[in-house]
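Subject: Model for your review

Hello,

Please find below the structure I said I would pass on. My notes on what was found in it follow.

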Amino acid sequence: MNKPLTEDQMDELQGQLTALEAELRQSLKDSKSDSDPVKLDQQLMGRVSRIDAIQQQSMASASRAKQEMLLRKVVQALRLIDEGDYGYCRQCDAPIGYQRLRIKPEATLCIKCQSAAEKR
């Protein structure tokens, strides 16, 4: 059975989440133009170059969507810290292990519930 987080552990994880939030926001800001629609003007580029540009735009959009989802989870975790509910499984209400949170500070499920969810 995992123990609830200590104050020092909570401070460390909050710092980690705050840094991750800033990093994600900056990355999303920097990559905004990468996921803009590709201009399909044959005068500007050849067919192969257009296909490559469309593929790069598609990958950038997928990456951006993944970063946006992670940012939402990080913001939620920071909100849970403010509310005093951080570090507890959303499913079984047991404490989430500190080692798990160090690796994935936005986690909302303990290992047992996460494993069960992934099997469904």
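The side chain of glutamine 9 comes within 2.9 Å of the backbone nitrogen of threonine 6. Glutamine 9 itself belongs to helix α1, which covers residues 7-30. It counts as buried because its relative accessibility is 19%, and the cut-off for buried is under 20%. Please keep in mind here and below that this is a predicted model.

Overall layout

The chain has 4 helices and 0 strands. Read from the N terminus, the order of elements is α-α-α-α. Of the 120 residues in the chain, 32% are buried.

Salt bridges

Side chains of opposite charge can pair when their charged atoms come close. How many salt bridges does the structure hold? There are 4 salt bridges in the structure, and the notes below go through some of them.

In helix α1, glutamate 21 pairs with arginine 25. The closest N and O atoms of this salt bridge are 3.0 Å apart. Glutamate 21 and arginine 25 are 4 residues apart in the helix, so about one helical turn separates them. Glutamate 21 is buried, with a relative accessible area of 19%. Arginine 25 is partly exposed, and its relative accessible area is 45%.

Helix α2 contains a salt bridge between arginine 64 and glutamate 68, with an N to O distance of 3.7 Å. Here too the spacing is 4 residues, which means that about one helical turn lies between glutamate 68 and arginine 64. Arginine 64 counts as buried at 17% relative accessibility. Glutamate 68 is partly exposed, with a relative accessible area of 32%. In the α1 pair the glutamate is the buried residue, whereas in the α2 pair the arginine is buried.

A further salt bridge joins the side chains of lysine 104 and glutamate 106, at 3.5 Å from N to O. Glutamate 106 has 10% relative accessibility and therefore counts as buried. Lysine 104 is partly exposed, with 35% of its area accessible in relative terms.

Negative patch

Which residues gather in a patch of negative charge on the surface? The patch is formed by Asp82, Glu83, Asp85 and Asp93. Aspartate 82 sits in helix α2, which runs over residues 47-83. It is exposed because its relative accessibility is 65%, where exposed means over 50%.

Aspartate 93 is in the loop between α2 and α3, the latter being residues 98-103. At a relative accessible area of 55%, aspartate 93 is also exposed. Its backbone deserves a look: aspartate 93 is not a glycine, yet has a positive phi of about 70°. Most residues other than glycine have a negative phi.

Contacts between distant parts of the chain

The loop between α2 and α3 also holds arginine 90. Arginine 90 is partly exposed, with a relative accessible area of 41%. What is the C-alpha to C-alpha distance between arginine 90 and threonine 108? The two are 5.8 Å apart in space, and 18 residues apart in sequence.

Serine 33 is located in the loop between α1 and α2. With a relative accessible area of 49%, serine 33 is partly exposed, since the exposed class requires over 50%. The C-alpha atom of serine 33 is 9.3 Å from that of glutamine 57, and the two residues are 24 positions apart along the chain.

Arginine 102 is part of helix α3. It is partly exposed, at 39% relative accessible area. Arginine 102 and leucine 17 are 85 residues apart along the chain, with their C-alpha atoms separated by 9.9 Å.

For a look at the model, two places to begin are the following:

- Aspartate 93, which has the positive phi and is one of the residues in the negative patch.
- Glutamate 21 and arginine 25, which form a salt bridge about one helical turn apart in helix α1.

Regards

Terms used: Residues are numbered from 1 along each chain as its sequence is written. This is a predicted model: local features need pLDDT of at least 70, side-chain atom pairs count only at pLDDT 80 or more; totals for chains, interfaces and linings use all residues. Side-chain values use heavy atoms; hydrogens and water are left out. Patches are made of residues with over 30% relative accessible area and no salt bridge: like charges are joined within 9 Å, nonpolar side chains (Val, Leu, Ile, Met, Phe, Trp, Tyr) within 5 Å. Accessible areas come from the Shrake-Rupley method with a 1.4 Å probe; for residues, only the protein chains shown count as cover. Lys and Arg count as positive and Asp and Glu as negative; His and the chain ends are not counted. The place of a charge is taken as NZ of Lys, CZ of Arg, CG of Asp or CD of Glu. Helices (H or I, at least four residues) and strands (E, at least two) are DSSP runs, numbered from the N terminus. Buried means under 20% relative accessible area, exposed over 50%, partly exposed in between (1.4 Å probe, protein chains only). A polar contact is a pair of N or O atoms within 3.5 Å; within protein, one must be able to donate a hydrogen and the other to accept it, and residues adjacent in sequence count only if both atoms are side-chain atoms.
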